[in-house]
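Subject: Structure for you to look at

Hello,

Here is the structure I said I would pass on. Please open it beside this email and follow along as you read.

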Amino acid sequence: MAFSAAVSNYSPRILPATAFASGTTAKRQICTLPSQCCSLSLLQRLPLWRMTLASQRGKRMSSSIRVEASVTDISVVKSTEEVNLPRGDMWSVHKFGGTCVGTSQRIKNVADIIINDDSERKLVVVSAMSKVTDMMYDLIFKAQSRDDSYVSALDAVLEKHRLTAHDLLDGDELASFLSRLHHDVNNLKAMLRAIYIAGHATESFTDFVVGHGELWSAQMLSSVIRKNGIDASWMDTREVLIVNPTSSNQVDPDFLESERRLEKWFSQNPSKTIVATGFIASTPQNIPTTLKRDGSDFSAAIMGALFRARQVTIWTDVNGVYSADPRKVSDAVILRTLSYQEAWEMSYFGANVLHPRTISPVMRYSIPIVIRNIFNLSDPGTTICHRTMTEDEDDNTVESPVKGFATIDNLALINVEGTGMAGVPGTASTIFGAVKDVGANVIMISQASSEHSVCFAVPEKEVKAVAEALQSRFRQALDAGRLSQVAIIPNCSILATVGQKMASTPGVSATLFNALAKANVNIQAIAQGCSEYNITVVIKREDCIRALTAVHSRFYHSRTTIAMGIIGPGLIGGTLLDQLRDQAAVLKEEFNIDLRVMGITGSRTMLLSDVGVDLSQWRELLKGKGEVASLEKFTQHVHGNHFIPNTVLVDCTADSNVASCYHDWLRKGIHVITPNKKANSGPLDQYLKLRALQRKSYTHYFYEATVGAGLPIVSTLRGLLETGDKILRIEGIFSGTLSYIFNSFIGTRSFSEVVAEAKEAGYTEPDPRDDLSGMDVARKVIILARESGLKLELSDVPVQSLVPEPLRASACAEEFMKQLQLFDQDWAKERKEAEEAGEVLRYVGVVDAVNRKGNVQLRRYKKEHPFAQLSGSDNIIAFTTKRYEKQPLIVRGPGAGAQVTAGGIFSDILRLASYLGAPS
């Protein structure tokens, strides 16, 4: 009780640590302390404090120690006349964060920057050395947890600064700093001991302890500057900056009182270079406090305003403000200028810019803030200032109306909904009153004009308390049915699009939403203020990076990046991979298209890559580093890279099992490109289901190569239909293989000889019966018929097979080829009859749209007919329509071969890139 009583009545007025500073022009009087109790021998030396400790055992006393700190006015005997504080452009303000002063070498670098600044006067705001503030908070935590290791932890803090001082200083400067350091540490030991005994630390006590890091770094830096021959004073900003704590764990600067105290401080410490402590300040009652989050930046801005400085430079470890988080968007760019409002908006939504409160003091006096990289002095950084009306008028470049994008993760959306809300005054007040009562922070609010619902976003860790409060507050309305629900949508993120020019640029919202739609990102809520500086959307957290990448690409015309998976690296797929390899550099440099093959899979082996397969050696990698193929794992890998907003799977097989996956892929937002005819010529109900899904989503399904390899058959048909033409008949030679065979089946050559030649040249399938059966042509006829609006099944199309009936059951292709020559006479007779009539044989497919049917058969055409003019493996398709009824529209060209088929697939890939935002 004697210890408690003595401290309760004790109110020391003693010299602050700043009284030991060298290089000052004022002499300070020391008030001695009475020694009232031996137990207080350490506490009596605490600077700036008045303590009240309550006994833990008293019946009516608090069980904790309550400590109030008081920064006292210091009587000063001046040896010179009072000096007025000059204000204006002669001052430049620099702020250096903990990383910038993290080591002795970095402190030297900071000193060099200050020395080389040619401003007439300089104010430098410094944070504590890197990690020191965390170490100081840890001291408080350990002490109030009654963890004895706080003593060794404090010793580590002392040693860190002692070693740094030995690296930087010598002589009297070193001795003076070490004296102050040991003085402070001894005081801290006494304070921490008091906390240890009480098991509790007040906020003011905590603020006083953690602020020592700034005191020490400011003292060391000012000493280093003086060591280089520059007159410099250091400022304990608790003697100057006065702030009023608010109820929202923030502080409001008292500029009038701070200006009065600054003038008094400067009259006692006139200097052209001042090193001030960041982060710390005092209340109007002279109680030490801090400026809370990003306090050192805030200190620099307040100081800039107090001095009316020319500019405030915030030194950090990045080159400036990026258009998006470069950890999420690889091609984010440095923004050379930002308006105050843009910086404000971006920082609120989580961008690594500045705290919004940092901007307020400098806005008042139009003081620019420059953000620069201390590790890259050649970079000019980002300037935050007022945007002038003439900005960029003389610049021929087109600037995006959007300056940047920012995201906030780990949010939940709360939706309060019900018909009883409409037109009822006070509903919103009741909702947000309940939110306020639980201390939750509302990030975003959205309400429909019908007043049927209000939704808002809160941090996920607070959503349970908010929901319970709302359920309780609206229990009667919920039971009566006036409110239908208080719903929680978890796992959300916010994406904010920021730009001052958005307000005067039509179409920004449309471009934003279109980019999100094409990236298959669903928007759950939208908010936009009437200033139009910001459009905010709430999306699923899992979509956040993909959405950010997609919108950044659209507005900054950066590369359209597509994650690709190639299925079937055989003849067609392998040729496509080689074409991608040869064209990749040109696409990147000239067209801003980045096609990254994230995986290649065959039926047995697959190759996966996190950054993109090296296509210069994909065959070797597939063979040497491939793993057992799994189509499910392959799909998850290719689609799982959230840094690439768009995914496409390219199916180069003829496998119906792979084709059956298309619907699921499209539903998941994966684009599909294929020459595989199985999906579009398979069961009609599955085809209709697939096309319906494609039409109602922003996921693309391209299949040009299914009909004409590299020829634009499907796109031509669609163009006719979309422009209002009516299809009457489509007739064509759709098989390059059969075109080659019948173009070569002339003179005295036998049919078996021509088929063998086609097989040797690679025109046929390994088993020529697959081509001669006519089923490949029948599938193409079905595809075109369905594109024309006919609902036909494959079984509805009669097909004339060119495989003799006795050979259809041959065991293998080799046996079939041996037996085929037995039927050469029959084919010779067919050819002779045609020649005698002045005709040629052609194998054709027909879509009869008028009679709604199709067929595949061997037909004879006059030698002057376009179908008779073919050579090699060319295809030819004639479209007879209402517009082209007398003279059909004809498309002709190579219809077989790996190069042209792969080229057709490649064309679809580039069409997809164009749809996704690549420049056309």
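**Salt bridges**

At 24% relative accessibility, Arg162 falls between the cut-offs of 20% and 50%, so Arg162 counts as partly exposed. Please keep in mind that this is a predicted model. Arg162 forms a salt bridge with Glu159, and the closest N and O atoms of the two are 2.7 Å apart. Both residues lie in helix α4 (residues 150–168), where they are three residues apart, about one turn of the helix. Glu159 is partly exposed as well, with a relative accessible area of 32%.

A second pair is found in helix α3. Asp138 forms a salt bridge with Lys142, with 3.2 Å between the closest N and O atoms. These two residues are separated by about one helical turn, because they are four residues apart in helix α3 (residues 132–144). Asp138 has 28% relative accessibility and therefore counts as partly exposed.

The next pair joins two helices. A salt bridge connects the side chains of Arg619 and Asp578, at 2.9 Å from N to O. Arg619 lies in helix α18 (residues 618–625) and Asp578 in helix α17 (residues 571–591), so this pair ties together parts that are 41 residues apart in sequence. Which of the two partners is buried, Arg619 or Asp578? Asp578 is buried, since its relative accessible area of 16% is under the 20% cut-off. Arg619 is partly exposed, with a relative accessible area of 43%. The pair also belongs to a network of salt bridges that links Asp578, Arg581, Asp582 and Arg619.

How many salt bridges does a search of the whole structure find? The search finds 45, and the pairs described above are among them.

**Strand β18 and its partners**

In a regular strand the side chains alternate between the two faces of the sheet. Strand β18 (residues 382–385) shows this alternation. Thr382 and Ile384 point to one face and are buried, while Thr383 and Cys385 point to the other face and are not buried.

Strands of a sheet pair through backbone hydrogen bonds, either parallel or antiparallel. Strand β18 has a partner of each kind. With strand β16 (residues 337–339) the pairing is parallel and runs over three bridges. With strand β17 (residues 369–373) the pairing is antiparallel, also over three bridges. Ile384 of β18 is a useful place to look: Leu338 stands opposite Ile384, and so does Ile369.

**A sheet of six strands**

Further along the chain you will find an open sheet of six strands, in the order β20-β21-β19-β22-β24-β23, with antiparallel pairing. Which strands stand at the edges? They are β20 (444–447) and β23 (523–528); each has a single partner strand, so one side of each is left without a neighbour in the sheet. On average, neighbouring strands of this sheet are turned by 30 degrees against each other, direction ignored.

Within the sheet, strand β19 (residues 404–417) and strand β21 (residues 453–459) pair in the antiparallel sense over seven bridges. One position to check is Leu413, whose bridge partner in β21 is Ala457.

Two helices can be described together with this sheet. Helix α13 (residues 463–473) lies across β19, β21 and β22 (485–498), and runs at about 30 degrees to β19. Helix α16 (residues 544–556) packs on the sheet and touches β19, β22 and β24 (534–540). The direction of α16 makes about 125 degrees with that of β19.

**Two helix pairs**

Two packed helices are described by the angle between their axes and the distance between the axes.

For helix α8 (residues 255–268) and helix α9 (residues 295–307), the axes come within 10 Å and cross at roughly 70 degrees. That makes α8 roughly perpendicular to α9. The contact is made by Phe255, Ser258, Glu259 and Leu262 of α8 with Ile302, Ala305, Leu306 and Phe307 of α9.

For helix α26 (residues 736–744) and helix α27 (residues 751–760), the axes come within 9 Å and cross at roughly 135 degrees. The two helices are therefore oblique to each other. The crossing of α26 past α27 is right-handed. Tyr740, Ile741, Phe742 and Ser744 in α26 meet Phe751, Val754, Val755, Glu757 and Ala758 in α27.

Regards

Terms used: Residues numbered from 1 in each chain as written. Predicted model: local features only at pLDDT ≥ 70, side-chain atom pairs only at ≥ 80, totals over all residues. Heavy atoms only, no water. Salt bridge = Lys/Arg side-chain N within 4 Å of Asp/Glu carboxyl O. Buried < 20%, exposed > 50% of the residue type's maximum accessible area, 1.4 Å probe, protein only. Pairing = 2+ DSSP bridges. Axes fitted to C-alpha atoms, helices over the stretch in contact; angles between N-to-C directions. Parallel < 35°, antiparallel > 145°, perpendicular 65-115°, else oblique. Left-handed = near helix turned anticlockwise from the far one by under 90°. Contact = heavy atoms within 4.5 Å.
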